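Let's take a stroll through a protein together, starting with the whole fold and then zooming in on a few residues.

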Amino acid sequence: MSVVPSQSGQPVVAGVVDRIPPHAYFLVSAVFHYLGPACAVLLFRHVDSLGVAWLRIATAAIVFAVWRRPWRCVLTASPAQRGSLCALGVVLGLMNAVFYLAIERLPLAMVGAIEFLGPIILAAFGARSARNVAALVSAVLGVGLLTDLRWAGAPMALAFAFANSALFMAYLVLGHKIAADGARNGIERLAVAMLVALVVVSPISLRQALPALTHVSLLAAGAAVGICSSVIPYMCDQLAMARMARATFALLLSLLPAMAVLIGVVVLRQVPTAGEILGIGMVALGVGLHRPP
């Protein structure tokens with residue numbers, strides 16, 4: 001992906017946004033990518049996991065809709081672009097749902113490691129280089145070690161984790177696609193996708209969220225999870241993707257499994273075993289090695 005230069009005449013705020021290095025946006029996204037879900041795990045004590053997922057998506061959809069007014073983007077989009085936005089919305093909705101179902105049952109760091117198997121497989125099949133084959137072998141062995149440690153006690157949880165991995169792969173592909181025209185256009189399109197995601201998940205998760213809608217503290221906590229989990233990281237992803245080559249973005253993704261471990265230890269007191277650390281480390285190595293086509 002080529003770097004999108006700043007255009008003259010943009011507002012001062014936009015100029016400041018463009019001057020911040022894209023790597024900084026990625027680091028912010030990396031922190032909140034798992035900090036928000038860690039806070040969601042704490043909220044599971046009071047609200048069902050699917051209900052928390054609905055609160056997360058609804059918050060993001062409302063914030064983006066008020067901020068970016070996405071209906072203007074829909075009116076000017078081509079049929080192909082609208083199709084991509086709908087596809088991204090479906091992916092975001094389902095990805096959030098299965099991710100929360102997984103972290104309700106498995107350590108955050110383990111789900112975070114499995115999440116990256118899909119993108120590595122995609123890269124290996126798209127560009128069959130020795131580097132990508134080595135990355136795939138490392139990631140598969142790491143995930144194999146992690147699933148062997150948990151398979152007997154949580155097969156359904158692992159199914160949710162692998163479904164999240166496949167959807168995360170689709171999110172990266174579609175996210176790069178909508179970011180191709182620049183960060184600001186990407187954020188407007190992301191706002192459309194979040195509204196689609198809300199429509200997709202409401203039939204399966206709105207009922208579980210109803211208890212939180214009548215309690216101010218739970219509603220505020222759910223809104224905070226939505227801002228930390230979706231608004232901040234997805235916005236930063238768009239700002240990074242629009243100005244960063246896909247190979248560079250893929251390399252930086254290797255930081256996320258380590259971030260998941262760190263957040264899990266600090267926030268949730270989920271201290272991984274030696275075997276889990278080895279498995280997560282092998283996945284991180286695979287993420288760092290792979291290069292997308």
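What follows is a short tour of this model, from its overall build down to single residues.

First things first: this is a predicted model, so keep that in mind as you look around.

**The whole fold**

What is the secondary structure made of? There are 14 helices and 0 strands in the protein. If you walk along the sequence, you simply meet one α after another: α-α-α-α-α-α-α-α-α-α-α-α-α-α. The radius of gyration is 18 Å, close to the 19 Å that the globule rule gives for 293 residues, so the protein is as compact as a globular protein of that length. If you'd rather picture a box, the C-alpha trace spans about 55 × 55 × 35 Å along its principal axes.

How much of the protein is buried? Of the 293 residues, 53% are buried. Contacts tell you how the chain comes together: among those with a separation of 6 or more, 88% are between residues 24 or more positions apart. On the outside, the protein exposes about 12,500 Å², and 71% of that comes from carbon and sulfur atoms. As for charge, there are 19 positive and 9 negative charges, and their mean positions are 7 Å apart.

**Two buried residues**

Now zoom in on Ser-230, which you'll find in helix α11, residues 216–241. Is Ser-230 buried or exposed? Buried means under 20% relative accessible area, and Ser-230 has 0%, so it counts as buried. Leaving out residues up to four places away in sequence, Ser-230 touches Arg-56, Ala-60, Phe-64, Asn-96, Val-225 and Met-235.

Next up is Ala-197, in helix α10, which covers residues 183–213. Ala-197 is also buried, because its relative accessible area is 0%. With residues up to four places away in sequence left out, Ala-197 touches Ile-57, Gly-89, Leu-92 and Gly-93. Here's a nice example of sequence and space telling separate stories: Ala-197 and Ala-61 are 136 residues apart in sequence, yet their C-alpha atoms are 8.2 Å apart.

**Cysteines without a bridge**

How many disulfides does a search of the whole structure find? The search comes back with 0 disulfides. Take Cys-228: its nearest cysteine sulfur belongs to Cys-39 and is 5.9 Å away, and Cys-228 is in no disulfide. A disulfide needs two cysteine sulfur atoms within 2.5 Å, so a pair farther apart than that doesn't count. At 21% relative accessibility, Cys-228 counts as partly exposed. Cys-86 is partly exposed too, with a relative accessible area of 41%.

**Two arginines in loops**

Finally, have a look at Arg-69 and Arg-269. Arg-69 is not a glycine, but it has a positive phi of about 50°. Arg-269 also has a positive phi, near 60°, and it is a residue other than glycine. Where do they sit? Arg-69 is in the loop between α3 (49–68) and α4 (71–76), while Arg-269 is in the loop between α13 (255–268) and α14 (274–289).

Are these two arginines buried or exposed? The table gives you the answer, along with the two cysteines.

| Residue | Relative accessibility | Class |
|---|---|---|
| Cys-86 | 41% | partly exposed |
| Cys-228 | 21% | partly exposed |
| Arg-69 | 47% | partly exposed |
| Arg-269 | 63% | exposed |

Exposed means over 50%, so Arg-269 makes the cut at 63%, whereas Arg-69 is partly exposed at 47%.

Methods
Residues are numbered from 1 along each chain as its sequence is written. This is a predicted model: local features need pLDDT of at least 70, side-chain atom pairs count only at pLDDT 80 or more; totals for chains, interfaces and linings use all residues. Side-chain values use heavy atoms; hydrogens and water are left out. Helices (H or I, at least four residues) and strands (E, at least two) are DSSP runs, numbered from the N terminus. The radius of gyration is taken over C-alpha atoms; the globule rule is 2.2 Å times the number of residues to the power 0.38. Buried means under 20% relative accessible area, exposed over 50%, partly exposed in between (1.4 Å probe, protein chains only). Contact means heavy atoms within 4.5 Å. Accessible areas come from the Shrake-Rupley method with a 1.4 Å probe; for residues, only the protein chains shown count as cover. Lys and Arg count as positive and Asp and Glu as negative; His and the chain ends are not counted. The place of a charge is taken as NZ of Lys, CZ of Arg, CG of Asp or CD of Glu.
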